[in-house]
Amino acid sequence: MSLSARLSDNTTPKRILSLDGGGIRGAITIGYLEKVEELLKARFSHINDFRLCDYFDLIGGTSTGSIIAGCLALGMTMSQVKEKYLTLGNLIFHEKNKLWDLWQIKKALQARYNDANFNSMLESTFRDDQNQDILLGSPLIRSGLCIIAKRADTNSTWTLNNHPEDPFYQSLEGQNALIPLKQAIRASSAAPTYFIPEVIEVGTNQTAAFVDGGVSSVNNPSFALLMVATMKGYAFRWNTGEFNLFMLSIGTGSNAFKTTVHSVEENWMLSWAMQVPEMLMADASILNQIIMQWISRGKTKKHINLQIGNMEQDMLTKEPLLTYNRYNTDMSEDYLKSLGFHLGNGYKSIADLMEMSNGNNANLLYQIGRAAAEAEVTEEHFPPQFDLK
């Protein structure tokens, strides 16, 4: 079946992979996906050279999740993705822009990190055998792909996807098919203060300035991907229902925020300016999780808070709209200890592990993700009604 037919086919169950943003903490996602690939590869041993893009019909991501999503949609194995990610993760967050370099002073005031290594990594990863840029509409992309970015000049969230019947795929309104994959992913990952915005030609005589898709309500892109897959304004228009639609969502680690009343009372304007974006992103991620648990059936429902618990008995709609499971490592000292990672005595602190730009943590974060996957990922999380035939 061609990709176009696969994406337009509304008669068979569909599977979606949703990947959160989180900077270098995407290494946690790698650990989970490696385990998922092993499990599915064993289940579908009759398929030669099985890849995750064979199983998931739509793979989408925000920020660091978009990098992994792009690699998987091109048919890379998790071994290949891990090698690229862990090798280059430290390079991306290695060279900072320097204020004392007068030739680069404007760039240094715009962003903390020099994007040369980042751009080089995207350039080498998303080129074909003829050394040409792979476009969003390229036949080399083997599954549905959705890259989420924030268009800063219009304050709108864009879901750049490769469905050939999408209104903005290749028309007068937009030409997403012609956008180089490296640019779409660079746009999704252009976190303000970390990297400068990405400017892309998006249509006839039209350019747009993009920043990180995480600077929106969809750093956890699961609900956005459900919209892309099912709403009439998009081209997929897949059927809803717990036996028709399956989504696996993977986060980049979470930990409970806690401070003191005195600290809040003593906050200065600069303190609030630094804290509010992170607070809003955390709230948006939790709200996405609440919505997804409220409309779905699944085996991994998370405890939200003391008021609503894990919502096991809650269902917003008469019937579930999909089957939904989510993995997201609890980055608490107790849980990490249960996985065999003991903090203290010069070891990494939770705050250090949660820092999105600490490239030195890449290997450790991968190990945490892998250990969490061994503890959490099971066969029953992949219902047989969604098996490949």
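This passage walks through the salt bridges, one helix and two buried loop residues of a predicted model.

Salt bridges are a handy place to start. As a general point, side chains of opposite charge can pair when their charged atoms come close. In this model the count comes to 19 salt bridges. One of them joins Arg 326 to Asp 20, with the closest N and O atoms 2.7 Å apart. Arg 326 sits in strand β9 (residues 322-327) and Asp 20 in the loop between β1 (14-19) and α2 (26-43), so this pair ties together parts that are 306 residues apart in sequence. Both ends are tucked away from solvent: Arg 326 has a relative accessible area of 3%, which makes it buried, and Asp 20 is buried too, at 4%.

Asn 220 belongs to the surroundings of that pair. Setting aside neighbours within four places in sequence, its contacts include both Asp 20 and Arg 326, along with Ser 18, Ser 249, Ser 285, Asn 288 and Gln 289. As for its place in the fold, Asn 220 falls in the loop between β6 (206-212) and α9 (222-230). Despite being a loop residue, Asn 220 is buried, because its relative accessibility is just 1% and the cut-off for buried is under 20%. Its side chain also makes a polar contact, at 2.9 Å, with the side chain of Ser 222.

A second salt bridge pairs Lys 182 with Asp 133, and here the closest N and O atoms are 3.3 Å apart. This one also links distant parts of the chain, with Lys 182 in helix α8 (residues 181-188) and Asp 133 in the loop between α7 (116-125) and β3 (144-151), 49 residues apart. The two partners don't share an exposure class: Lys 182 counts as buried at 16% relative accessibility, whereas Asp 133 counts as partly exposed at 26%.

Helix α14 offers a local case. This helix covers residues 362-376, 15 in number, and reaches 21 Å from its first C-alpha to its last, close to the 21 Å expected at 1.5 Å a residue. Within α14, Arg 370 and Glu 374 are four residues apart, about one turn of the helix, and their side chains meet in a salt bridge at 2.6 Å, N to O. Arg 370 is buried, with a relative accessible area of 15%, while Glu 374 comes out as partly exposed at 43%. The pair isn't on its own, either: salt bridges that share partners join Arg 370 and Glu 374 with Glu 34, Lys 35, Glu 38 and Lys 82 in one network. Besides Arg 370, the buried residues of α14 include Leu 364, Leu 365, Tyr 366, Ile 368 and Glu 376. Small side chains turn up in that buried set as well, among them Ala 362, Gly 369, Ala 372 and Ala 373.

Last comes Ala 190, another loop residue, found between α8 and β5 (198-203). At 0% relative accessibility, Ala 190 counts as buried. Leaving out neighbours within four places in sequence, Ala 190 is in contact with Phe 195, Ile 196, Pro 197 and Glu 198, and also with Phe 210, Val 211 and Asp 212. Asp 314, by contrast, is 37 Å from Ala 190 in space, C-alpha to C-alpha, and 124 residues away in sequence.

Conventions: Residues are numbered from 1 along each chain as its sequence is written. This is a predicted model: local features need pLDDT of at least 70, side-chain atom pairs count only at pLDDT 80 or more; totals for chains, interfaces and linings use all residues. Side-chain values use heavy atoms; hydrogens and water are left out. Helices (H or I, at least four residues) and strands (E, at least two) are DSSP runs, numbered from the N terminus. Buried means under 20% relative accessible area, exposed over 50%, partly exposed in between (1.4 Å probe, protein chains only). A polar contact is a pair of N or O atoms within 3.5 Å; within protein, one must be able to donate a hydrogen and the other to accept it, and residues adjacent in sequence count only if both atoms are side-chain atoms. Contact means heavy atoms within 4.5 Å. The expected span of a helix is 1.5 Å times one less than its number of residues. A salt bridge is a side-chain nitrogen of Lys or Arg within 4 Å of a carboxyl oxygen of Asp or Glu.
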